[in-house]
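User: I should like a close look at a single part of this model, the hairpin and its surroundings. Please describe it in one connected account.

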Amino acid sequence: MVGLYRDSGKHAHVAHIWGVYVQADFRGRNLGCALVQEALAGARRMEGLRKVSLQVNAVATPAHRLYFSCGFKETGRMVQEMCVDNVYYDMLLMELYL
């Protein structure tokens, strides 16, 4: 699965990818890349859209590699942005300009 939403108002030129997930049994078949590429195709059909951004957990190395392979560039880091079971994680900000 993959989600794509567009901002509004002053940020209407930006869309965001979120919730990319491939069930464990189906990983390693390039399905994640296919999902992201389909979301990007949808973004390219949106009039006036200039960039797509996303956030990824800094320790999610396979996801990070996936987004790099799809053309995203790392543009920042949000320190201790997520907390799961009292463990804090940095989130990497990534963007792709259309």
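Analyst: A polar contact is here a pair of N or O atoms within 3.5 Å, of which, within protein, one must be able to donate a hydrogen and the other to accept it. The model under discussion is predicted.

The hairpin consists of strands S4 and S5, with 2 residues between them. Strand S4 covers residues 73-84, and strand S5 covers 87-97. The two strands pair in the antiparallel sense over 8 bridges. Val 84 stands opposite Val 87 of S5. In the turn, Asp 85 has a positive phi of about 50°, although Asp 85 is not a glycine. Asp 85 counts as exposed because its relative accessibility is 74%, and the cut-off for that class is over 50%.

A positive phi also occurs within S4. Gln 80, which is found in that strand, has a phi near 50° and is likewise not a glycine. The backbone nitrogen of Gln 80 is reached by the side chain of Asp 90 at 2.8 Å. Asp 90 has its place in strand S5. The side chain of Asp 90 also makes a polar contact of 2.8 Å with the side chain of Arg 77. Beyond four places away in sequence, Asp 90 touches Arg 77, Met 78, Val 79, Gln 80 and Glu 81, and in addition Val 56, Asn 57 and Ala 58.

Strand S3 (51-57) brings in a second polar contact to describe. Lys 51 is placed in S3, and its side chain is joined to that of Glu 95 by a polar contact of 2.6 Å. Lys 51 is classed as buried because its relative accessible area is 16%, where the class requires under 20%. Leaving out residues up to four places away in sequence, Lys 51 touches His 13, Val 14 and Ala 15, together with Glu 95, Leu 96, Tyr 97 and Leu 98.

Helix H2 is the next neighbour to consider. In this helix, which spans residues 61-69, His 64, Leu 66 and Tyr 67 are buried. These residues cover an arc of only 160° around the axis and are therefore on the same side of H2. The face turned away from that buried side carries Pro 62, Arg 65 and Ser 69, which are exposed. Both strands of the hairpin, S4 and S5, are among the elements that cover the buried residues of H2, as are helix H1 (31-44) and strand S3. Just after H2, Gly 71 takes a positive phi of about 105°.

An aromatic pair remains to be described. A pair of aromatic rings is described by the distance of the centres and the angle of the planes. The count comes to 1 aromatic pair. The rings are those of Tyr 67 and Phe 72; their centres are 6.1 Å apart and their planes stand at 70°, so the pair is edge-to-face. That class requires planes over 60 degrees apart. Tyr 67 counts as buried because its relative accessibility is 7%. Phe 72, at 0% relative accessibility, therefore also counts as buried.

Note on methods
Residues numbered from 1 in each chain as written. Predicted model: local features only at pLDDT ≥ 70, side-chain atom pairs only at ≥ 80, totals over all residues. Heavy atoms only, no water. Helix = DSSP H or I, 4+ residues; strand = E, 2+ residues; numbered from the N terminus. Buried < 20%, exposed > 50% of the residue type's maximum accessible area, 1.4 Å probe, protein only. Phe/Tyr/Trp six-rings, centres within 6.5 Å; stacked < 30°, edge-to-face > 60°. Pairing = 2+ DSSP bridges. Arc of directions from axis to C-beta. Contact = heavy atoms within 4.5 Å.
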